[in-house]
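Subject: Structure handover

Hi,

Here is the structure for you to look over. My notes follow below it.

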Amino acid sequence: MKSIPLVSLVCRPRLLRETASERTEIAALMVNCVNGLLAVASIALSIPVPFTPSLVAILAILFGPLVGLTVSSVYARIETAVGGRLGGKASFDNLYRLFAWSFLPLGLAALLSSVILKFNRLGFAAIPLAVMILLVFACCSLRNYCSNVLIAHEFSRARGAVSLALTFVMFIALITVTMGLVLLFFTYGVNDDPIGLMRLFRTP
């Protein structure tokens with residue numbers, strides 16, 4: 001199995017599509033775990049809290065794989081369902097692999113940007129540098145993912161745009177509702193227990 005240069009994955013959507021189809025589903029699962037590690041590490045470094053590098057690494061290892069697997073699985077499921085309703089041909093496995101390989105460069109860029117800002121040795125120039133790196137890789141990753149999803153579904157640009165927009169809106173709505181329920185539980189359920197949720201956790 002030959003290695004794939006990261007720059008090629010960013011600049012060549014066709015190579016990314018071929019990589020996603022040729023590599024195994026286990027490889028895609030591992031890449032999504034890595035994406036989660038990178039995302040959690042980037043967020044931890046971006047928070048204005050004096051996290052040490054060792055603590056950031058621990059948080060990334062503990063929560064990163066779970067975040068990566070959850071986000072990739074949920075998003076690919078929604079994309080499969082929405083695309084199928086619109087007549088798309090892509091399977092969940094295909095879209096799951098595309099998601100993994102498309103956003104690996106973005107995860108690395110996000111971590112690099114966070115490191116530049118956290119351990120700033122460039123002064124004010126660090127801010128535009130970090131933003132530029134993140135924006136370039138974000139645009140390339142989104143372009144690669146969107147274009148390859150349209151090809152996988154065999155969609156026209158108009159139908160593909162509708163599918164991608166609906167998928168994104170539904171994903172954000174699901175995340176918002178989930179976070180709202182969790183926040184509601186910890187805000188009211190733990191303190192006042194208005195609907196008796198905490199009784200489930202009490203010993204007789």
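A residue counts as buried when its relative accessible area is under 20%. By that cut-off, buried residues make up 37% of the 204 residues in the chain. Please keep in mind that this is a predicted model.

**Overall layout**

The chain has seven helices and zero strands. Read from the N terminus, the order is α-α-α-α-α-α-α. Take the contacts with a separation of 6 or more: 72% of them join residues 24 or more positions apart.

**Helix α4**

Start with α4, residues 53–85. Does its length fit its residue count, and why? The helix has 33 residues, which at 1.5 Å a residue should span 48 Å. Its end C-alpha atoms lie 45 Å apart, so the two values agree.

There is a bend, though. At F63, α4 turns by about 45 degrees. A proline, P65, follows within four residues.

Several α4 residues are buried, including V56, A60, G64, G68 and S72. Further along the helix, Y75, A76, I78, E79, T80, V82 and G83 are buried too. Just after α4 comes G87, with a positive phi of about 95 degrees.

**Salt bridges**

How many salt bridges does the structure hold? There are two.

One joins the side chains of E18 and R14, at 3.3 Å from N to O. Both residues sit in helix α2, residues 13–22. They are four residues apart, so about one helical turn separates them. E18 has 33% relative accessibility and is therefore partly exposed. R14 has a relative accessible area of 58%, so R14 is exposed.

The other joins D93 and R97, with the closest N and O atoms 3.1 Å apart. This pair lies in helix α5, residues 92–118. Here too the partners are four residues apart, about one turn of the helix. D93 has a relative accessible area of 25%, so D93 is partly exposed. R97 is at 13% and therefore counts as buried.

**Nonpolar cores**

The largest nonpolar core has 28 residues. Which residues have the most contacts inside this core? They are L98, W101 and Y145. The elements giving two or more residues to this core are α2, α3 (25–46), α4, α5, α6 (126–153) and α7 (157–189). Helix α5 gives the most, with nine residues.

W101 is worth a look in the viewer. Leaving out residues up to four places away in sequence, W101 touches L9, L16, T19, A20, R23, A27, A28 and V31.

Another core lies apart from the largest one. This other core has six residues, among them V40, A41, A44 and V56.

**Aromatic pairs**

A search of the whole structure finds seven aromatic pairs. One of them is Y75 with F99: the ring centres are 5.6 Å apart and the planes meet at 40 degrees, so the pair is tilted. Y75 lies in α4 and F99 in α5, so the pair ties together parts that are 24 residues apart in sequence. Y75 and F99 are buried. Ring pairs also link Y75, F99, F103, Y145 and F171 into a cluster.

**Two serines in α5**

S113 and S114 are next on the list. S113 sits in helix α5. Buried or exposed? At 5% relative accessibility, S113 counts as buried. Beyond residues up to four places away in sequence, S113 touches A130, I133 and L134.

S114 lies in helix α5 as well. Its relative accessible area is 8%, so S114 is buried. With the same sequence neighbours left out, S114 touches S42, L45 and S46.

**In short**

For a quick tour, begin at the bend of α4 at F63. Go on to the Y75 and F99 ring pair between α4 and α5. Then look at W101, one of the residues with the most contacts inside the largest core. Finish with the D93 and R97 salt bridge in α5.

Best wishes

Terms used
Residues are numbered from 1 along each chain as its sequence is written. This is a predicted model: local features need pLDDT of at least 70, side-chain atom pairs count only at pLDDT 80 or more; totals for chains, interfaces and linings use all residues. Side-chain values use heavy atoms; hydrogens and water are left out. The expected span of a helix is 1.5 Å times one less than its number of residues. The bend at a residue is the angle between axes fitted to the seven residues ending there and the seven starting there. Buried means under 20% relative accessible area, exposed over 50%, partly exposed in between (1.4 Å probe, protein chains only). A salt bridge is a side-chain nitrogen of Lys or Arg within 4 Å of a carboxyl oxygen of Asp or Glu. A nonpolar core is a set of buried Ala, Val, Leu, Ile, Met, Phe, Trp, Tyr and Cys residues joined through side-chain atoms within 4.5 Å. Contact means heavy atoms within 4.5 Å. Rings of Phe, Tyr and Trp (its six-membered ring) pair if their centres lie within 6.5 Å; planes under 30 degrees apart count as stacked, over 60 as edge-to-face and the rest as tilted.
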